[in-house]
Every structure is written in C-alpha cells, then in structure tokens.
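Work through the exercises below with the sequence and the model at hand. Each task is followed by a worked solution.

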Amino acid sequence: IRLNLTTITEESRQTISAALPDKTVGSTSIGSGIVAALQVFREANEGKYQARSSMIVLNDNDETARPFIDSASPELLRSGVRFVSVTIADTTSRRTTPPTYRKLKNLADKTGGYQYVVPINGNQQLAALENIYSSIAERLLSSSSRPLVNLIHESKNVNGNVKNVSL
C-alpha cells in the first residue's frame, strides 16, 4: 500500500501521481489488491467496514500470482463492500470472458457493484476510462452520501508501462 485513504485535492493529486511507479515489473495478483483495499477500509474505520463502502479495481484480466480472487472473495462478500471492476482487455479475444473476467463480474454482481471493460485494441482507451470513471462516480455518489475514495494498487498494464491518469 503506497497511500492510505486520501481525499482528492489539487495538492493530493501530485502526491498520488508521485506514488505511481514509472514502470511495472512482476506479476498480477488481483486478490492481493482486494485484500489490501479491505485492510485500508478496516484501518480507516477502527477495525470495521463502513456500510456501503466501494472499491474500484483496475485490472488487466490476467491473474498470475497468489492470492487469487477466489482467496479474497469470502472476506469481500462478508464485508458488505461494493466491488467495481474495470478490466482492460483484448475484446477481440476469448480471454475477455474466461475465468478471471467471470470471477470479477460475479463479485460485482454479488456486491451490488459494476463490471466495465476497456478495449486494449483501438486508440480510445483514455476516453473510455474517463467515461467509465465518470459513470462510476455518478452511480456511487447517487447511491451514497459518503465521499468517493480512490485506492491505488500497483499492477501492470498491457504494454508493461504505467500511464498517469488524472484522478
């Protein structure tokens, strides 16, 4: 965990941006991202989960390291935290639907969350992400009086590079 729960301001945007890695290495453990987010929620709320909290997990639909989604799912389902998945994937490939995608969609469905897919094929990724994050913000803010919180968890993108996206 590079940053704990952070209120987004002009100043904190710089801190958040500086915390992002310049490049990625290694493997992807979506389960560890879920576990880390749940830990941050617990620590911020004195060991309890705040009712109607939400986590947004940006992922590449490729789970290669433990803990896997299946290991993190029971605690997530008990927590009452809404799960939102944003998957960057090759939409022309069969890899969009096999098992990682289905697991993420299942978690989103069971927690009252959402599943979004951003195609890696094409040049509209940034615009698609901006539209998705706007949609998520509208949905979450319309169903809650709590502030929207971003949790950044390091992972890799398709090209192995990290692109800074405005938060």
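**Exercise 1.** Find which side chain makes a polar contact with the side chain of D60, and decide whether D60 is buried or exposed.

Solution. In this predicted model, the side chain of D60 makes a polar contact with the side chain of T28, at 3.5 Å. Next, place D60 in the fold: the residue sits in the loop between β1 and α3. A polar atom of the D60 side chain also lies 3.0 Å from the backbone nitrogen of D62. Finally, the relative accessibility of D60 is 12%, and buried means under 20%, so D60 counts as buried.

**Exercise 2.** Check the length of helix α2 against its expected span, then state what covers its buried residues.

Solution. Helix α2 runs over residues 30-44, which is 15 residues. The expected span takes 1.5 Å times one less than the number of residues, giving 21 Å for α2. The end C-alpha atoms are 21 Å apart, so the two values agree. Among the buried residues of α2 are I30, I34, L38 and F41. Their cover includes β1 (54-59), α3 (69-79), β2 (82-89) and α4 (100-111). Just after α2, E46 has a positive phi of about 55 degrees.

**Exercise 3.** Classify the aromatic pair formed by Y114 and Y116.

Solution. The ring centres of Y114 and Y116 are 6.4 Å apart, and pairing requires centres within 6.5 Å. The planes meet at 55 degrees, so the pair is tilted; edge-to-face would need over 60. Y114 is buried at 15% relative accessible area, and Y116 is buried at 13%.

Key:
Residues numbered from 1 in each chain as written. Predicted model: local features only at pLDDT ≥ 70, side-chain atom pairs only at ≥ 80, totals over all residues. Heavy atoms only, no water. Helix = DSSP H or I, 4+ residues; strand = E, 2+ residues; numbered from the N terminus. Buried < 20%, exposed > 50% of the residue type's maximum accessible area, 1.4 Å probe, protein only. Contact = heavy atoms within 4.5 Å. Polar contact = N/O pair within 3.5 Å; in protein donor to acceptor, adjacent residues only side chain to side chain. Phe/Tyr/Trp six-rings, centres within 6.5 Å; stacked < 30°, edge-to-face > 60°.
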